[in-house]
Amino acid sequence: MAAAPQRLSPSSSSSSSSSSFLPVREVGTLKLPAILNGLWQLSGAHGQIDEAQAVKEMSSYVDAGLPGFDMADHYGPAEILYGAFLQEYRGSHRVYGLTKWVPPPGPMLRPIVEANIQRSLHRMKVGSLDMLQFHWWDYHDERYLDALRVMKALRDEGKIKNLALTNFDTVHMKKILDSGIPIVSNQVAYSVIDTRPEKGMVQWCLQNNVKLLTYGTLLGGLLSDKYLGKPEPRVTNLNTVSLKKYMQTIRQWGGWSLFQELLSTLRSIADKYNISIANVGVRYIADKPAVGAVIIGARLSISGHVEDNLRTFSFPGLDSDDIQRIELVVRKGKVLRGDCGDEYR
Ligand SMILES: NC(=O)c1ccc[n+]([C@@H]2O[C@H](COP(=O)([O-])OP(=O)(O)OC[C@H]3O[C@@H](n4cnc5c(N)ncnc54)[C@H](OP(=O)(O)O)[C@@H]3O)[C@@H](O)[C@H]2O)c1
């Protein structure tokens with residue numbers, strides 16, 4: 001998808017290069033940067049974070065040109081730390097805070113839904129959520145429609161700016177839209193090797209002006225120079241839940257030795273543009289039809305890749321030869337089974 005012409009530039013205080021501009025894309029009422037910072041990495045399952053340092057680093061991400069954060073009610077202290085950051089932040093950038101509500105099954109009456117949305121508003125220190133992304137565990141339990149109807153009412157009352165989904169499949173997205181509930185995006189796993197959205201969801205999204213916000217695009221960090229030429233890591237050496245999760249994806253797709261062939265191919269494409277393997281992997285997905293933004297997990301206070309990730313859009317884009325070379329290797333593996341989100345049900 002061609003990037004919208006409007007672009008975000010890093011502030012003059014940023015140390016990143018002047019080529020580090022991010023396209024801005026319309027997702028509902030938001031003009032989101034094409035890369036968002038994912039805060040699942042603050043949940044505790046990706047290493048012990050220093051909370052005060054994490055809050056400070058949020059400012060530097062924003063000032064460097066990455067002003068969008070994706071979190072959830074169940075990502076440990078993520079919403080609270082985001083709220084603390086907002087209270088401290090003195091910069092002039094528009095900051096975006098997207099959250100999720102992932103309720104356990106149960107009755108979805110207005111007081112229950114409202115109390116949960118109110119909790120996120122309180123933690124994030126905002127009067128209105130930029131985006132609320134809703135997850136549901138069991139399609140047989142149709143109370144997800146009750147919940148969404150209440151959220152639509154809360155959106156009409158101004159407590160939510162944009163109503164969205166996460167990990168819904170195409171059939172149920174359609175059912176929701178057919179029930180008169182307007183959704184602006186669906187957050188799903190989408191990477192070079194996990195192309196499940198292309199089975200039908202992308203087409204449906206294009207027809208219905210629904211965007212995809214993608215996660216797992218860097219496979220927890222496995223899709224990077226760090227793993228090029230390395231033997232298959234033992235699960236016990238994978239120190240985040242994210243790495244463990246996406247190691248499974250690699251196995252389901254084609255295994256470590258084929259993955260190495262893919263990393264080598266991405267490296268030779270990266271050489272052409274003087275960028276990283278991660279940049280190629282993110283750009284490949286960011287420019288796909290229907291994609292609104294790629295979410296890249298940020299282990300605030302532990303590790304950071306801001307400058308490198310800002311280089312994702314430092315070149316005009318992958319050409320047809322690059323894409324052909326990538327797809328030649330990808331097709332040697334299997335297309336992952338099912339639709340987006342099936343692994344959660
Ligand atoms: N809706 C859902 O069900 C769902 C599920 C999963 C994730 N998410 C969202 O997506 C976000 C991303 O999480 P994810 O698990 O999918 O992880 P990911 O974005 O695929 O991987 C994040 C990891 O990649 C590494 N990395 C980042 N930039 C890099 C670069 N330029 N070069 C090399 N390595 C780089 C870092 O590893 P190191 O820290 O080790 O350096 C980072 O921790 C989450 O925070 C969350 O917001 C949503």
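**View A. Parallel pairing of strands S7 and S8 in the predicted model.** Three bridges link strand S7 (residues 131-134) to S8, and the two strands pair in the parallel sense. Within this pairing, Phe134 stands opposite Leu165 of S8. Between the two strands the chain passes through helix H4 (residues 143-156), forming a right-handed β-α-β crossover from S7 to S8. The model shown here and in the other views is predicted.

**View B. Side-chain directions along strand S8.** Strand S8 comprises residues 163-166. Leu163 and Leu165 point one way from the strand, whereas Ala164 and Thr166 point the other way. All four of these residues are buried.

**View C. Parallel pairing of strands S8 and S9.** S8 and strand S9 (residues 185-189) run parallel and are joined by two bridges. Asn186 of S9 is the bridge partner of Leu165. The connection from S8 to S9 leads through helix H5 (residues 170-178), and this β-α-β crossover is right-handed.

**View D. Contact between helices H2 and H3.** The axes of helix H2 (residues 78-88) and helix H3 (residues 110-124) come within 6 Å and cross at roughly 45°. Angles from 35 to 65 degrees count as oblique, and H2 and H3 are therefore oblique to each other. On the H2 side, the contact is made by Glu79, Ile80, Tyr82, Gly83 and Leu86; H3 contributes Ser120, Arg123 and Met124.

**View E. The annotated span.** The unreviewed UniProt entry carries the annotation "domain: NADP-dependent oxidoreductase" for residues 35-327. In the model, the end C-alpha atoms of this span lie 23 Å apart. Helix accounts for 43% of the span and strand for 13%.

Note on methods: Residues are numbered from 1 along each chain as its sequence is written. This is a predicted model: local features need pLDDT of at least 70, side-chain atom pairs count only at pLDDT 80 or more; totals for chains, interfaces and linings use all residues. Side-chain values use heavy atoms; hydrogens and water are left out. UniProt positions are given in the numbering used here, feature names are shortened, and annotations may be inferred rather than shown by experiment. Helices (H or I, at least four residues) and strands (E, at least two) are DSSP runs, numbered from the N terminus. Buried means under 20% relative accessible area, exposed over 50%, partly exposed in between (1.4 Å probe, protein chains only). Two strands pair if DSSP finds at least two bridges between them. A crossover is right-handed if, with the strands pointing away from the viewer, the path from the first strand over the helix to the second runs clockwise. Axes are lines fitted to C-alpha atoms, for helices over the stretch in contact, and angles run from 0 to 180 degrees between N-to-C directions. Angles under 35 degrees count as roughly parallel, over 145 as roughly antiparallel, 65 to 115 as roughly perpendicular and the rest as oblique. Contact means heavy atoms within 4.5 Å.
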